[in-house]
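Me: I'm new to protein structures and want to learn how to read one. Can you take me through it step by step?

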Amino acid sequence: MMCVCGCGQVLLECNHVGCPDSKRMIGELHDQLAGPNGAGADSLILNWFVNKYGATVLAAPIRGGFDNVAWIVPISIFVLAIFGTAALVRMWSQRTRPAIAGTAIPEAGDAMRERIRRETEWR
């Protein structure tokens with residue numbers, strides 16, 4: 001479980017100076033463990049904290065229901081990015097390459113050479 005003060009630390013490791021929430025939440029956790037829910041019912045205690053503080057108290061999303069999206073979407077985006085990059089690289093590598101300056105030009109014939117010479121002649 002996470003501390004809800006906004007420090008972004010795990011509840012039992014919150015070292016936020018002057019944290020208004022960690023001592024109270026740790027006390028509530030000890031009370032829940034000592035109470036009737038504490039006899040091996042971790043999910044009941046976790047649900048009690050989620051009902052009181054909301055889903056922000058969870059360090060990781062719970063598997064099941066809509067929370068599966070938090071597990072599936074990052075993995076699927078990563079896999080799609082890999083396949084998309086591979087497809088893009090393959091497409092780029094199969095394109096025809098333009099002629100590089102200074103390489104041999106196919107024979108254009110005498111008429112074409114004369115026309116090029118006339119058009120590029122300085123007057």
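Reply: Let's go feature by feature, starting with how far to trust the coordinates. This is a predicted model, and the chain averages a pLDDT of 81, with 83% of the residues scoring at least 70.

Me: What should I keep in mind where pLDDT is low?

Reply: Where pLDDT is low, don't read the predicted coordinates in detail. Among the elements here, H3 has the highest mean pLDDT, at 91, and H2 the lowest, at 83.

Me: How many helices and strands does the chain have?

Reply: You'll find 4 helices and 0 strands. Walking from the N terminus, the elements go α-α-α-α.

Me: And what share of the residues counts as buried?

Reply: The idea is to ask how much of a residue's area is accessible: under 20% relative accessible area is buried, over 50% is exposed, and in between is partly exposed. In this chain of 123 residues, 14% count as buried. The whole accessible surface comes to about 10,000 Å², and carbon and sulfur atoms hold 63% of that.

Me: Now cysteines. How many disulfides are there?

Reply: The count is 0. The trick is to check the distance between sulfurs, because a disulfide needs the pair within 2.5 Å. The sulfur of cysteine 5 has its closest cysteine sulfur in cysteine 7, but at 3.4 Å that is too far for a bond.

Me: What about cysteine 14: which cysteine sulfur is closest to its own?

Reply: Again the one in cysteine 7, this time 3.5 Å away, so that's too far for a bond as well. Cysteine 14 is buried, with a relative accessible area of 16%, while cysteine 5 is partly exposed at 21%.

Me: Okay, charges next. How many salt bridges does the structure hold?

Reply: There are 5. To spot one, look for a side-chain nitrogen of Lys or Arg within 4 Å of a carboxyl oxygen of Asp or Glu. One of them pairs arginine 24 with aspartate 21, at 2.4 Å from N to O. Arginine 24 is partly exposed, with 37% relative accessible area, but aspartate 21 is buried at 13%.

Me: Where in the chain are the partners lysine 52 and glutamate 28?

Reply: Their side chains meet in a salt bridge at 2.5 Å, N to O. This pair links distant parts of the chain: lysine 52 is in helix H2 (residues 42-53) and glutamate 28 is in helix H1 (residues 22-34), 24 residues apart. Lysine 52 is partly exposed at 45% relative accessibility, and glutamate 28 is buried at 12%.

Me: Which residues are joined into one network by salt bridges that share partners?

Reply: Start with glutamate 121 and arginine 117, whose side chains meet in a salt bridge at 3.0 Å, N to O. Shared partners then join Glu114, Arg117 and Glu121 into one network. Glutamate 121 is partly exposed, with a relative accessible area of 44%, and arginine 117 is partly exposed at 42%.

Me: Last one: which residues form the nonpolar patch on the surface?

Reply: For a patch like this, look for nonpolar side chains that are accessible and lie within 5 Å of one another. Here Ile75, Phe78, Val79, Ile82 and Phe83 form it, with about 530 Å² of accessible area together. Take isoleucine 75 as your example: this residue sits in helix H3 (residues 68-94) and counts as exposed, at 54% relative accessibility.

Terms used
Residues numbered from 1 in each chain as written. Predicted model: local features only at pLDDT ≥ 70, side-chain atom pairs only at ≥ 80, totals over all residues. Heavy atoms only, no water. Buried < 20%, exposed > 50% of the residue type's maximum accessible area, 1.4 Å probe, protein only. Helix = DSSP H or I, 4+ residues; strand = E, 2+ residues; numbered from the N terminus. Patch = residues over 30% accessible without salt bridge, like charges linked within 9 Å, V, L, I, M, F, W, Y side chains within 5 Å. Areas by Shrake-Rupley, 256 points an atom, 1.4 Å probe, with all protein chains shown as cover. pLDDT = per-residue confidence, 0-100.
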